[in-house]
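Before reading on, take a moment to turn the structure in your viewer and to follow the chain from its beginning to its end. The paragraphs below then lead you from the whole protein to single residues.

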Amino acid sequence: MTATFAPPDPAAQYLVRAAVTAPSPCNTQPWRFVSRDGELQLHADPIRRLPAADPDGREMLIGCGAALFNVRLAMRHLGFLPRLRLLPDPGLPWLLATVRWGPYARPTADEEAMFAALPRRHTHRGPFQPDPLPPHLIEQLRGHARHEGAELCTTLTRAEDLRRLAGLIRTAESVQRTHPLFTTELANWAPPRGSRRRDGIPAGAYPRSPDTTAFAGRDYAGHARMGYEQERARHIAHPALGLVVLLTTRHDLRDDWLRTGQSLQRVLLYATVHRVAAAVHTQPLELPELREQVRRMVIGRQHPQMILRLGYDNKTHATLATSRRPVPDVMGQHEKHRVPPRSRRREQAAGR
Ligand SMILES: Cc1cc2nc3c(=O)[nH]c(=O)nc-3n(C[C@H](O)[C@H](O)[C@H](O)COP(=O)(O)O)c2cc1C
């Protein structure tokens, strides 16, 4: 089958400009968009997957799910109801979703506020102010997550649970700070100061020491490996962790990962509207045994997809925003990822 590709239209470009502000693991931006026949297709870009940290592409799909939420939100901002299909073609495993323009419906105040928050949302790395989140806001965040198909687990508040989770994060970090596959991978996505790259996490987007709270941070610059960690960790006086929450799903399949991504972005944007920032600690979810241990801490043994800390920024660790690749770089065709249907594969194997 040969397909013809029209140049991207301005409306599709508008949606994609919103989409790419989404969070993604190590700012890999593992997505590609195709505008065709009045629909916008979201494809994963598997070349941008993290093979060591994310062999199954779970985190890649969470990032893509977050971008998908932004596409839907931008459509709502323009006044249209999105018509969404997740994983519409089993023969195209990297085609994650299609979005079509539905009928007109005025956007809600929440949708408008979340859309306006897109450029203000950034990953926080460091301590929070000690002020707790108001209970009604926590309830609203749970509702937003559930609306997109994931649960926001807010029950890990006891000191012993937090200590246990901190221990699992620390264990994962110790593995990832010493294993060459992980250290090389992280170094590839942590461009040095002054780099003109539009992806990865620039120096300046994270604090000098990764260990600014009881939850170990990811060591993007390899400072801990160079011996700074112990030196600095001694001076840290238990800064506020914020509210520790997990995004969880009942199953652990590709559509669950896409739903998690949409839930994640909806929670993050609603939090941003209310001046609440989020830090991310997914390290133990990248190692199967540790992920299983985190799972045992979750009520109902739901599958943990994201570990977050939510709180009010104390501005002591001002961090740079991360860059994004320009819209034309993420729009284009994706036929090369097509997996032939089974019957065609048999024909190919038989040399026909
Ligand atoms: C699936 C996933 C996992 C992530 N894991 C971490 C993490 O372990 N530590 C961290 O500091 N940030 C983590 N992040 C945040 C990304 O690094 C961040 O989204 C990316 O650098 C873009 O920056 P921004 O969120 O400020 O726009 C994660 C994001 C996603 C979507």
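The bounds of the domains named here come from an automatic or database domain assignment. The model itself is a predicted one, and in it domain 1 covers 10-121 + 325-349, whereas domain 2 covers 135-311. Where does the ligand lie with respect to domain 1 and domain 2? Both domains give residues to the shell around the ligand, so the ligand lies between them.

That shell is made up of 20 residues, and the closest to the ligand are Pro-23, Asn-27, Glu-59, Thr-123 and Val-280. If the residues of the shell are sorted by character, seven are nonpolar, 10 are polar and three are charged. The element that gives the most to the shell is helix α2, which runs over residues 58-77 and supplies four residues.

Stepping back to the whole protein, its secondary structure comes to 10 helices and eight strands. Of its 352 residues, 41% count as buried. Among the contacts with a separation of 6 or more, 77% are made by residues that are 24 or more positions apart.

Helix α4, residues 135-147, is a good place to practise reasoning from geometry. At 1.5 Å a residue its 13 residues should span 18 Å, and because its end C-alpha atoms are 19 Å apart, the two values agree. The buried residues of α4 are Leu-141, His-144 and Ala-145. They cover an arc of only 95° around the axis, which means that they are on the same side of α4. A general rule helps to make sense of such a pattern, because an α-helix has 3.6 residues a turn, so residues three or four places apart point the same way. On the other side of α4, the residues Pro-135, His-136, Glu-139 and His-147 are exposed. The cover over the buried residues of α4 includes β5 (151-153), β6 (243-249) and α8 (254-273). After α4 comes Gly-149, which has a positive phi near 105°.

Helix α8, one of the elements that cover α4, can be examined in the same manner. Its 20 residues should span 28 Å at 1.5 Å a residue, and the distance of 29 Å between its end C-alpha atoms agrees with this. How many of the 20 residues of α8 are buried? The number is 17, and α8 is thus described as mostly covered. Following α8 is Arg-275, whose phi is positive and near 60°.

A positive phi also occurs at two further residues that are not glycines. One of them is Asn-27, with a phi of about 50°, and this residue has already appeared among the closest to the ligand. Asn-27 lies in the loop between α1 (10-19) and β1 (31-36), and because it has 24 C-beta neighbours inside 10 Å, it counts as buried. The other is Leu-87, which has a positive phi of about 45° and is found in the loop between β3 (80-86) and β4 (95-104). Is Leu-87 buried or partly exposed? Leu-87 has 16 C-beta neighbours inside 10 Å, and it therefore counts as partly exposed.

Ala-278 has its place in strand β7, residues 277-280, and counts as buried because 23 C-beta neighbours lie inside 10 Å. Leaving aside its neighbours within four places in sequence, Ala-278 is in contact with Thr-123, His-124, Leu-268, Ala-271, Leu-308, Arg-309 and Leu-310. Of these contacts, Thr-123 is also one of the residues closest to the ligand.

The last two stops are in loops. Arg-208 is found in the loop between α6 (180-188) and α7 (228-233), and with 12 C-beta neighbours inside 10 Å it counts as exposed. The C-alpha atoms of Arg-208 and Asp-219 are separated by 9.0 Å, while the two residues are 11 residues apart along the chain. Thr-319 belongs to the loop between β8 (303-311) and α10 (342-349), and its 17 C-beta neighbours inside 10 Å make it count as partly exposed. Although Thr-319 and Gly-126 are 193 residues apart along the chain, their C-alpha atoms are separated by 9.8 Å. Apart from neighbours within four places in sequence, Thr-319 is in contact with Arg-125, Gly-204, Ala-205 and Tyr-206.

Key:
Residues numbered from 1 in each chain as written. Predicted model: local features only at pLDDT ≥ 70, side-chain atom pairs only at ≥ 80, totals over all residues. Near = placed C-beta within 6 Å. Nonpolar A, V, L, I, M, F, W, Y, C, P; charged D, E, K, R; others polar. Contact = placed C-beta atoms within 7 Å. Expected span 1.5 Å × (residues − 1). Arc of directions from axis to C-beta.
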